[in-house]
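Please explain how this chain is put together, starting from one strand and working outwards. I would like to follow the strands, then the charged pairs, then the ligand.

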Amino acid sequence: MTSGRTIRVQTPQPYDVVVGRDLLGQLVGCLPPGVRTVGLITSERLSANAAAVRNNLIAAGLEVCEITTPDGEAAKTAEVAATCWSALGEAGLTRSDAIVGVGGGSTTDLAGFVAATYLRGLPIVQLPTTLLAMVDAAVGGKTGINTPTAKNLVGAFHEPAAVLCDLDRLRTLDTAELVSGLAEVVKCGLIADPEILDVVESDSTAALDPGGDVVQALVEKSVAVKADIVAKDLRERTSHGSDVGREALNYGHTLGHAIERIEDYRIRHGEAVAVGMVFAAELARLDGRLGSDIVDRHRSALRSVRLPTSYDRADWESLLALMRVDKKARGDVLRFVVLDGIARPAILEGPRPDLLAAAFDAVSG
Ligand code: GLY
């Protein structure tokens, strides 16, 4: 019997996220009854991992159509999605079959998008292998690919049938990847659960140990934050003022995505989001909403797990232009998730240009 804590995501079609170790034995039980063929979508770097998954499915009598996609954001293109659709067609998947996504956030985003679109929707079980994918990308049903203009501009909401977060997968992860995932963990602390910040700040060394109980606790708490938010606002309505639904999960992402795009995705998502959160905190301080102590807490929590808090490799005007095509923008009006305090997200619409520039100055040193 495998072990793990189960967090139920109470959306209209509820599903479980299991956080634990040695979870592969639970995979077949997560597939809907009647599945005969599984489209197994993974990335080049993870072929060894995928082999174990494939063998597990084959041992259960299932056919497997394995599709290996490029690593990282290079997977999130219309061309790669089309390759997947063709492979699934050649393998003869029908509406009673399913997809399994194995990989980091880019792979689970792509696999989710393919599952959302092929035959107008196949069930998907996500097996995230990075911290970032466990606490964010694989949970909540957002799927998507990039366009040349910006990140995640094409996508669909498609909830998984289940998510298995096998923490043993984190043992082989580069420290830099683990650090990147911790940005989304700190984000959950800032927008919803200050206990996460307490855990990160009180033992940052343990937060960076993939084999330890602290990482397990952080993943469980972060998934619980996300489950709670998406249960209340699955499809990300447009929020106003302090009535913030799923958009809260985009804290730090408006500038973060612009930095990723300008760097041609050579910067890790979490690093860009970390800078974006400090920027948002500075913006909130300049707007008179947030005290300097909480801005300082952003910097100290992020630095304690080796995340960057400043960025100076691109000019403000170029980043501003990229932020205007962010999904949160409405017409000409820029919108930012900010905080009125820890765990008090709010939407700031159309901030004054001088405040925006000053907030950027504060993170570009
Ligand atoms: N990654 C943000 C969301 O799932 O809404």
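## From a covered strand to the ligand

In this predicted model, strand β3 covers residues 37-43 and is mostly covered, with seven of its seven residues buried. Buried here means under 20% relative accessible area. The side chains of β3 point two ways: T37, G39, I41 and S43 point one way, while V38, L40 and T42 point the other way, and all of these residues are buried.

Strand β3 has a neighbour in strand β4, residues 63-69. The two run parallel and are joined by seven bridges. One position to look for is G39, which stands opposite C65 in β4. Between the two strands, the chain leaves β3, passes through helix α2 (residues 47-59) and arrives at β4; this β-α-β crossover is right-handed.

Strand β3 also pairs with strand β5, residues 98-103. Here five bridges join the strands, which again run parallel. T42 of β3 stands opposite V102 in β5.

Another strand to find is β2, residues 15-21. Six of its seven residues are buried, so β2 is largely enclosed by the rest of the structure. Five bridges join β2 to strand β9 (residues 162-166), and these two strands run parallel. Within this pairing, G20 stands opposite D166 in β9.

Next come the charged side chains. Side chains of opposite charge can pair when their charged atoms come close. In this model the count comes to 31 salt bridges.

One of them joins the side chains of E220 and R5, with 3.5 Å from N to O. E220 lies in helix α9 (residues 213-232) and R5 lies in strand β1 (residues 3-9), so this pair ties together parts that are 215 residues apart in sequence. Are the two partners buried or exposed? E220 has 14% relative accessibility, so E220 counts as buried. R5 has a relative accessible area of 39% and is therefore partly exposed.

A second salt bridge is formed by D340 and R289, whose closest N and O atoms are 2.7 Å apart. This pair also links distant parts of the chain, 51 residues apart. D340 sits in the loop between β10 (335-339) and β11 (345-349), and R289 sits in the loop between α11 (269-286) and α12 (292-304). R289 counts as partly exposed because its relative accessibility is 25%.

R352 and D354 form another salt bridge, with the closest N and O atoms 2.7 Å apart. R352 has a relative accessible area of 49%, so R352 is partly exposed. D354, at 42% relative accessibility, also counts as partly exposed. Salt bridges can share partners as well: in this way E73, K76, D109, K151 and E260 are joined into one network.

Finally, turn to the ligand. Which residues surround the ligand? They are D136, K142, K226, R246, L249 and N250. Among them, D136 has a polar side-chain atom 3.0 Å from a nitrogen atom of the ligand. K142 places a polar side-chain atom 3.0 Å from an oxygen atom of the ligand. For K226, a polar side-chain atom lies 2.6 Å from an oxygen atom of the ligand. Taken alone, the ligand exposes 200 Å², and the protein buries 91% of that.

Technical notes: Residues are numbered from 1 along each chain as its sequence is written. This is a predicted model: local features need pLDDT of at least 70, side-chain atom pairs count only at pLDDT 80 or more; totals for chains, interfaces and linings use all residues. Side-chain values use heavy atoms; hydrogens and water are left out. Buried means under 20% relative accessible area, exposed over 50%, partly exposed in between (1.4 Å probe, protein chains only). Helices (H or I, at least four residues) and strands (E, at least two) are DSSP runs, numbered from the N terminus. Two strands pair if DSSP finds at least two bridges between them. A crossover is right-handed if, with the strands pointing away from the viewer, the path from the first strand over the helix to the second runs clockwise. A salt bridge is a side-chain nitrogen of Lys or Arg within 4 Å of a carboxyl oxygen of Asp or Glu. A residue is near a molecule or strand if one of its heavy atoms lies within 4 Å of it. A polar contact is a pair of N or O atoms within 3.5 Å; within protein, one must be able to donate a hydrogen and the other to accept it, and residues adjacent in sequence count only if both atoms are side-chain atoms. Accessible areas come from the Shrake-Rupley method with a 1.4 Å probe; for residues, only the protein chains shown count as cover.
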